[in-house]
Amino acid sequence: MRIAVLSDIHSNLAALEAVLASIGSVDAIWQLGDVVGYGPDPNAVVARLREAGAIGVRGNHDAAAVGDLAIEDFNADGRLAMEWTRANLSHEARAYLAALPEVLVPDGFDFTLAHGSPRDPIWEYMLTTWEARENLAAFETTYCLVGHTHVPLVLRQKRRMERLSAGPESRLELDGRRAFLNPGSVGQPRDGVPTASYMVLDTAAGHATWHRVQYDIEATQAAMRDAGLPPRLARRLSFGQ
Ligand code: ZN
């Protein structure tokens with residue numbers, strides 16, 4: 001099976017459309033949370049994911065958007081964007097986000113999906129081998145897919161743990177060693193590369209590949225300006241930060 005793994009779409013419809021066009025036909029789409037927040041198109045992004053039959057988990061922004069997390073937990077710009085998201089979310093989009101679980105193991109697969117980490121799915125950032133080791137006992141499958149940092153990354157069990165950056169077109173063999181795989185962010189990359197990031201799992205061939213795709217950043221920035229979202233959140237998209 002070919003499975004596309006998307007994370008941190010953040011209400012960026014132009015980026016999501018570019019990614020969906022680029023992945024072509026896949027057997028499944030898994031998303032790792034932060035469907036909304038920051039960007040200008042929460043309802044259209046949710047509708048597009050539903051149409052594509054995506055399954056997945058909720059992130060901290062999704063939890064805040066439906067009122068399950070306090071808005072005070074965000075920084076100033078994030079808070080303004082979250083107030084806007086709450087005010088503009090449709091009933092359908094709210095119901096979709098409210099129904100997302102925090103952790104998901106798709107039936108018959110050896111992958112656990114969580115936004116931040118398996119032990120603290122809403123908040124923990126997994127960036128170091130220390131965090132990886134601390135989280136090994138928190139899930140039962142061989143592989144764990146996480147987002148939240150907006151940085152494509154692999155943390156894999158060796159004698160200790162190893163940390164591998166997952167640049168464009170990089171590939172990881174799924175060799176049975178336990179590993180955390182982060183696809184990077186579709187809608188707000190933070191690794192210094194502004195293009196949308198995603199990952200494809202090929203379960204028959206036994207590997208994961210990372211991809212980047214250009215999208216119309218200016219269209220998203222213009223929509224953010226029109227919506228009155230914080231200018232800094234729009235500007236950072238140009239720099240992948
Ligand atoms: Zn995020």
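Among contacts in the chain between residues at least 6 apart in sequence, 70% link residues that are at least 24 apart. The model described here is a predicted one. Its chain contains 8 helices and 12 strands, and buried residues account for 57% of its 241 residues. The points below treat the overall form, the empty spaces, and then several individual residues.

**Overall form**

- The radius of gyration of the chain is 17 Å, which agrees with the value near 18 Å that a compact globule of 241 residues would have.
- Along its principal axes, the C-alpha trace spans about 50 × 35 × 30 Å.
- The chain exposes about 10,000 Å² of surface, and 49% of that area is supplied by carbon and sulfur atoms.

**The largest pocket**

- Rolling a probe the size of a water molecule over the atoms shows where empty space is left.
- The largest pocket has a volume of about 160 Å³.
- Its lining consists of 15 residues, and those nearest the centre of the pocket are Tyr38, Asn60, His61, Phe74 and Tyr125.
- Sorted by class, the lining of the largest pocket comprises 4 nonpolar, 7 polar and 4 charged residues.

**The cavities**

- A search of the whole structure yields 2 cavities of 30 Å³ or more.
- The largest cavity encloses about 40 Å³ of space.
- The residues that line the largest cavity are His10, Asn12, Tyr38, Gly39, Gly187, Gln188, Thr220, Met224 and Leu237.
- Tyr38 therefore appears in two linings, because an atom within 4 Å of a point makes a residue part of a lining: Tyr38 belongs to the lining of the largest pocket and to that of the largest cavity.
- In the lining of the largest cavity, 3 residues are nonpolar, 6 are polar and none is charged.
- The second largest cavity has a volume of about 40 Å³.
- Met126, Val146, Leu153, Leu155, Phe180, Leu181 and Asn182 form the lining of the second largest cavity.
- Two strands, E7 (153–157) and E10 (179–182), each contribute at least two residues to the lining of the second largest cavity.
- Strand E10 gives the most to this lining, with 3 residues.
- The lining of the second largest cavity has 6 nonpolar residues, 1 polar residue and no charged residue.

**Residues in helices and strands**

- Trp210 is part of strand E12, which covers residues 207–213.
- Trp210 has a relative accessible area of 2%, so it is buried.
- Trp210 and Arg171 stand 39 residues apart in sequence, while their C-alpha atoms are 6.5 Å apart in space.
- Ala18 belongs to helix H1, which covers residues 13–23.
- Ala18 counts as buried because its relative accessibility is 16%, and the cut-off for buried is under 20%.
- Leaving aside neighbours within four places in sequence, Ala18 is in contact with Val213, Gln214 and Tyr215.
- The C-alpha atoms of Ala18 and Asp216 are 8.4 Å apart in space, although these residues are 198 apart in sequence.
- Glu83 is located in helix H4, which covers residues 76–88.
- Glu83 has a relative accessible area of 44% and is therefore partly exposed, since that class lies between under 20% for buried and over 50% for exposed.
- A distance of 9.3 Å separates the C-alpha atoms of Glu83 and Gly37, which are 46 residues apart along the chain.

**Loop residues with a positive phi**

- Ser11 has a positive phi of about 55°, although it is not a glycine.
- Ser11 is situated in the loop between strand E1 (2–6) and helix H1.
- The relative accessible area of Ser11 is 0%, so this loop residue is buried.
- His148, also a residue other than glycine, has a positive phi near 80°.
- The position of His148 is in the loop between strand E6 (143–145) and strand E7.
- His148 counts as buried because its relative accessibility is 2%.

Conventions: Residues are numbered from 1 along each chain as its sequence is written. This is a predicted model: local features need pLDDT of at least 70, side-chain atom pairs count only at pLDDT 80 or more; totals for chains, interfaces and linings use all residues. Side-chain values use heavy atoms; hydrogens and water are left out. On a 1 Å grid over the protein atoms alone, a cavity is a set of points where a 1.4 Å probe fits but cannot get out, and a pocket is an open set with protein on both sides within 12 Å along at least five of seven lines; lining residues have an atom within 4 Å of a point. Grid points are joined across faces, edges and corners, and a volume is the space filled by probe spheres set on the points. Ala, Val, Leu, Ile, Met, Phe, Trp, Tyr, Cys and Pro count as nonpolar, Asp, Glu, Lys and Arg as charged, and the others, Gly among them, as polar. Helices (H or I, at least four residues) and strands (E, at least two) are DSSP runs, numbered from the N terminus. The radius of gyration is taken over C-alpha atoms; the globule rule is 2.2 Å times the number of residues to the power 0.38. Buried means under 20% relative accessible area, exposed over 50%, partly exposed in between (1.4 Å probe, protein chains only). Contact means heavy atoms within 4.5 Å. Accessible areas come from the Shrake-Rupley method with a 1.4 Å probe; for residues, only the protein chains shown count as cover.
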